[in-house]
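Hello,

Here is the structure I promised to send over. Have a look at it first, and my notes on what turned up follow below.

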Amino acid sequence: MGWWQMDADALAGSRFVLSPLAEATAALQTLHLRTSAHPGERAWLEAHLPAYHARLADEPLDALLVRAALGTTWNADFVTPTPLGDGERSFEEELTRVRETLAAEAVADLAVSLGGPVPEPLASAPDLPYRIAELLTWVWRETVLPTWPRRRRILEADVLARTAMLTRGGWAAALDELSPGRTRWLGEGRLQVNTRDHPPRSVAGGRLLFVPVTPSRGWVSWEGTQRYAIVYPCTGALTDADGPAVPSALAALLGSARAGVLVRLESPLSTSQLVALTGQGLGSVGRHLKVLLDARLVRRRRAGRSVLYDWTEAGAALVRAQSVRA
């Protein structure tokens, strides 16, 4: 397995950051692989895949470039630059680093992602960075930007939840489920980043960045010995773009926002997940949960280091009775 050796300074300097470019790149990977992890992602893929295929049909060299850049074991480095970690950048600001890559560097990166020589016509193309930047711009503008406010709320909720877990239970709590099956805290300063048979890498003296994305994709990257990044699929990502319907009678009884929280609790969810899925603020969700708890419509229980909420029998009966009427 691949793991990184941390030291106290690297842990102290670690932080969660949002990256619009990483979000667009993860979306490009989803379009390229044509696979989805949940119904919300499947609906997104079905909506955008025809236009993506049409875009590549018009630019055959772009199709070759995507297949080469998004390798089976490694992404070409110039496509996934490590975030700077010094404040959030816009998509256009981040994309500048892709555009400014030298053609020779891009070809060298493709050789790594391909695991061998870069075939023609890619090897002699002078504009590979420009081409991938234009394709990422199309993916961002056409498939990500229309839902970016919602995606951003989901990402912020994930960061909020993991920061709280870090405070309560340390790095093991915050990182064990960063990317289930791939990333986990091994103890003694060791962080497993994937399941591949790579030699350990020291992150001592560097800065480690954790970058959530809503598509079900992830990767690692680094630049020199200064910055390292783990891009991971976040919690609660687009599992149901619209959420369950709120019966009108239930909305009239409880208020539409509070009813929107209640109807989502058929399965246990944390406060941060409810924030992500409803789009409501943390304070609002907390107040709604307190009212629902006092009314004994939901219950609160601890699951490991998380606090989860779901229906009581009374809450289930109320929602289901109103749903039948609707």
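**What I found**

In this predicted model, Phe-16 stands opposite Phe-210 in strand S6. That pair is a good place to begin, as it leads into the sheet.

Strand S2 (15-16) and strand S6 (residues 207-213) run parallel and are joined by 2 bridges. Both belong to an open sheet of 4 strands with mixed pairing, in the order S2-S6-S8-S7. Its edge strands are S2 and S7, each of which pairs on one side only. In general, the strands of a sheet pair through backbone hydrogen bonds, either parallel or antiparallel.

At the S7 end, the partner is strand S8 (residues 227-233); S7 and S8 run antiparallel, with 5 bridges between them. Here Glu-223 stands opposite Arg-227 in S8. The two strands form a hairpin with 3 residues between them, and in this hairpin Gly-224 takes a positive phi near 60°.

Now to the helices. How do H2 and H7 lie relative to each other? Their axes come within 9 Å and cross at roughly 90°. An angle from 65 to 115 degrees counts as roughly perpendicular, and H2 and H7 are therefore roughly perpendicular to each other. On the H2 side the contact is made by Pro-20, Leu-21, Glu-23, Ala-24, Thr-25, Ala-27, Leu-28 and Leu-31. H7 brings Leu-135, Leu-136, Val-139, Trp-140, Thr-143 and Val-144 to the contact. By class, the contact of H2 with H7 has 11 nonpolar residues, 2 polar and 1 charged.

A second helix pair is H10 (residues 256-263) with H12 (residues 282-294), whose axes come within 10 Å and cross at roughly 70°. That crossing makes H10 roughly perpendicular to H12. From H10, Ala-257, Arg-258, Val-261 and Leu-262 meet His-288, Leu-289, Val-291 and Leu-292 in H12. The residues in this contact of H10 with H12 divide into 6 nonpolar, 1 polar and 1 charged.

Next, the empty space. Rolling a probe the size of a water molecule over the atoms shows where such space is left. The structure has 3 cavities of 30 Å³ or more, and the largest cavity holds about 60 Å³ of space. Which residues line the largest cavity? They are Ser-19, Leu-21, Ala-22, Thr-25, Val-79, Thr-80, Pro-81, Pro-83, Trp-219 and Val-231. H2 gives the most to this lining, with 3 residues. By class, the lining of the largest cavity has 7 nonpolar residues, 3 polar and no charged. You will recognise Leu-21 and Thr-25, which line the largest cavity and also take part in the contact of H2 with H7.

There is also the second largest pocket, with a volume of about 600 Å³. Its lining has 24 residues, and those nearest its centre are Gln-29, Thr-72, Arg-182, Arg-196 and Gly-218. The elements that give two or more residues to this lining are helix H2 (20-33) and strand S7 (219-223). H2 provides the largest share, 3 residues. The lining of the second largest pocket divides into 7 nonpolar, 13 polar and 4 charged residues.

If you want one thread to follow on screen, try H2: this helix crosses H7, gives the most to the lining of the largest cavity and has the largest share in the lining of the second largest pocket.

Best wishes

Note on methods. Residues are numbered from 1 along each chain as its sequence is written. This is a predicted model: local features need pLDDT of at least 70, side-chain atom pairs count only at pLDDT 80 or more; totals for chains, interfaces and linings use all residues. Side-chain values use heavy atoms; hydrogens and water are left out. On a 1 Å grid over the protein atoms alone, a cavity is a set of points where a 1.4 Å probe fits but cannot get out, and a pocket is an open set with protein on both sides within 12 Å along at least five of seven lines; lining residues have an atom within 4 Å of a point. Grid points are joined across faces, edges and corners, and a volume is the space filled by probe spheres set on the points. Ala, Val, Leu, Ile, Met, Phe, Trp, Tyr, Cys and Pro count as nonpolar, Asp, Glu, Lys and Arg as charged, and the others, Gly among them, as polar. Axes are lines fitted to C-alpha atoms, for helices over the stretch in contact, and angles run from 0 to 180 degrees between N-to-C directions. Angles under 35 degrees count as roughly parallel, over 145 as roughly antiparallel, 65 to 115 as roughly perpendicular and the rest as oblique. Contact means heavy atoms within 4.5 Å. Two strands pair if DSSP finds at least two bridges between them.
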